[in-house]
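Visitor: Please take a close look at a single part of this model, and give the cut-offs behind each term.

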Amino acid sequence: LDTLEKWVTEIFSEIPNNGLPKPSFGHLTQPFDTPEFHKLYRVVPIRKVHSLTITWALPPQEQYYRVKPLHYISWLVGHEGKGSVLSFLRKKFWALALYGGNGETGFEQNSTYSIFSISVTLTDEGYKHFYEVAHVVFQYVKMLQKRGPDKRQVIWEEIQKIEANEFHYQEQTDPVDYVENLCENMQLFQKEDFLTGDQLLFEYKPEV
């Protein structure tokens, strides 16, 4: 640590501190032309694959990093067991895989908005019924919304334990990548959460 501190002082001490606050773009509350979101866009793929992606533009969620509501919702949406969306679509031979979530990158989550997407890899038969597939996805989200998270704390705690285990037993990463990740975290989280803010779940708040 003494050596590292010496290097940091030598390399960065000459950079002036202008005393400027961190820029925020929170006043830009509607960065997207929302009516354009209510449309279906067909894109011809380069390789032979059928994929249906449904995207929502949400208010910024990065302030809730201790709760991670989008991570919680993506866990429910991406569940593959009995009663899940994917299980139902597979029985219909309409889908091969399903992913839902937020990439937590600067593009998908920032001070202006957060993106939440559900992407379904379709079979040839599923491509013929993609409207029905979309309907099933919306039905499932509506069911989650109607039932609410109040009775699902057990699921949240399960996710919390899994993420904690993955954090404690993670493989050693490249030091340069790790430092870069920490520097990003320093712009987003409270000081005590620099090491863990992007991985661990700290608080269960169903209203969030």
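Guide: What follows starts with one histidine and then turns to two surface patches. The model is predicted: local features need pLDDT of at least 70, side-chain atom pairs count only at pLDDT 80 or more, and totals for chains, interfaces and linings use all residues. Residues are numbered from 1 along each chain as its sequence is written, and side-chain values use heavy atoms, with hydrogens and water left out.

H71 lies in helix α2, residues 69–77 (helices are DSSP runs of H or I, at least four residues, numbered from the N terminus). With a relative accessible area of 21%, H71 is partly exposed (buried is under 20%, exposed over 50%, partly exposed in between; 1.4 Å probe, protein chains only). Neighbours within four places in sequence aside, H71 is in contact with I159, E163 and L201 (heavy atoms within 4.5 Å). W156 is 85 residues from H71 in sequence, and their C-alpha atoms are 9.8 Å apart.

On the surface, L1, L4, W7, V8, I11, F12 and I15 make a nonpolar patch of about 800 Å² (patch residues have over 30% relative accessible area and no salt bridge; nonpolar side chains, Val, Leu, Ile, Met, Phe, Trp and Tyr, are joined within 5 Å and like charges within 9 Å; areas are Shrake-Rupley with a 1.4 Å probe; a salt bridge is a side-chain nitrogen of Lys or Arg within 4 Å of a carboxyl oxygen of Asp or Glu). I11, in helix α1 (residues 2–12), is exposed at 57% relative accessible area.

A patch of negative charge is formed by D174, D177, E180 and E184 (Asp and Glu count as negative, placed at CG of Asp or CD of Glu). D177 belongs to helix α7, residues 175–188, and is partly exposed at 49%.

Methods:
Helices (H or I, at least four residues) and strands (E, at least two) are DSSP runs, numbered from the N terminus.
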